[in-house]
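Visitor: I have a protein on my screen and I am new to this. Could you walk me through it, step by step?

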Amino acid sequence: MGAGRWGNPLLLLAALALVLGRHQQWLGFQDSESPKNVNATLTFFLENYNNKSNDSYLFGVDKLLRSQVQLTTGLEYLITVKISRTKCKRNSTKNRSCPIQTKKNLKKSFICDFLVYTLPWMNHYQLWNNSCLDV
């Protein structure tokens with residue numbers, strides 16, 4: 001039935017996958033070692049967050065808690081970050097460096113987990129998932 005010289009091609013393919021599967025280690029997410037790509041991904045996330053926020057002030061990175069990357073058809077970054085309200089008002093674009101808010105009554109922080117798919121060499125970013133919890 002068309003098996004010919006090699007027998008059943010599906011059976012051969014399954015056997016090959018089994019043999020290769022024992023030697024192939026699927027690593028999944030690994031710690032990221034590219035500060036340039038992580039910083040660009042953080043910038044993309046913050047712009048996205050600030051554009052959707054109703055807060056009068058912009059938020060900025062207070063502390064990077066975890067950064068992992070997985071190679072797929074592009075790069076997937078899984079990042080945990082503490083973001084905090086800055087001293088910069090939403091409509092003030094003069095100052096690109098916005099210090100974190102120090103006034104007790106204006107302090108506000110979140111711990112955010114987010115997943116971004118990126119092709120950094122093409123400057124392409126997509127926010128696939130994010131969640132932020134009040135600190």
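## A guided tour

Guide: Start at one cysteine: C88 is buried, with a relative accessible area of 6%. Bear in mind that this is a predicted model.

Visitor: In what order do the elements run from the N terminus on?
Guide: The protein has two helices and five strands. Read from the N terminus on, their order is α-β-α-β-β-β-β.

Visitor: What share of the residues is buried?
Guide: Buried here means under 20% relative accessible area. The protein has 135 residues, and the buried share of them is 32%.

Visitor: How much of the accessible surface belongs to carbon and sulfur atoms?
Guide: The accessible surface of the protein comes to about 9,800 Å². The part that belongs to carbon and sulfur atoms is 55%.

Visitor: Among contacts between residues at least 6 apart in sequence, what share joins residues at least 24 apart?
Guide: Take the contacts in the protein between residues at least 6 apart in sequence. Those that join residues at least 24 apart make up 62%.

Visitor: How far does helix α2 reach from its first C-alpha to its last?
Guide: Helix α2 covers residues 35-52, which is 18 residues. At 1.5 Å a residue, 26 Å is expected. The model comes close to that, with a reach of 26 Å.

Visitor: Which strands are included in what covers the buried residues of α2?
Guide: First, the residues to be covered: the buried ones of α2 include V38, L42, F45 and Y49. An α-helix has 3.6 residues a turn, so residues three or four places apart point the same way. The cover over the buried residues of α2 includes β2, β3, β4 and β5.

Visitor: How many disulfides are there?
Guide: A disulfide is a covalent bond between the sulfur atoms of two cysteines. To count, we look for cysteine sulfur atoms within 2.5 Å. C88 and C98 form one such pair, at 2.1 Å, and C112 and C132 form another, also at 2.1 Å. The count comes to two.

Visitor: Which parts of the protein hold C88 and C98?
Guide: The sulfur atoms of C88 and C98 are 2.1 Å apart. The pair ties together parts that are ten residues apart in sequence, because C88 lies in strand β3 and C98 in the loop between β3 and β4.

Visitor: Is the link of C88 and C98 left-handed or right-handed?
Guide: Look at the angle about the S-S bond, which is -105 degrees. With that angle, the link of C88 and C98 is left-handed.

Visitor: Which strands does the link of C112 and C132 tie together?
Guide: This link has 115 degrees about its S-S bond and is right-handed. It ties parts that are 20 residues apart in sequence, so look at where each cysteine lies: C112 in β4 and C132 in β5.

Visitor: Is C132 buried, partly exposed or exposed?
Guide: Its partner C112 is buried, with a relative accessible area of 0%. Partly exposed lies between 20% and 50%. At 26%, C132 counts as partly exposed.

Visitor: Which residue has a side chain joined to that of T80 by a polar contact?
Guide: T80 lies in strand β3 and is buried, with a relative accessible area of 10%. Beyond its neighbours within four places in sequence, T80 is in contact with residues including L64, I111 and C112. The polar contact between side chains is 2.4 Å, and the partner of T80 is D113.

Note on methods:
Residues are numbered from 1 along each chain as its sequence is written. This is a predicted model: local features need pLDDT of at least 70, side-chain atom pairs count only at pLDDT 80 or more; totals for chains, interfaces and linings use all residues. Side-chain values use heavy atoms; hydrogens and water are left out. Helices (H or I, at least four residues) and strands (E, at least two) are DSSP runs, numbered from the N terminus. Buried means under 20% relative accessible area, exposed over 50%, partly exposed in between (1.4 Å probe, protein chains only). Contact means heavy atoms within 4.5 Å. Accessible areas come from the Shrake-Rupley method with a 1.4 Å probe; for residues, only the protein chains shown count as cover. The expected span of a helix is 1.5 Å times one less than its number of residues. A polar contact is a pair of N or O atoms within 3.5 Å; within protein, one must be able to donate a hydrogen and the other to accept it, and residues adjacent in sequence count only if both atoms are side-chain atoms.
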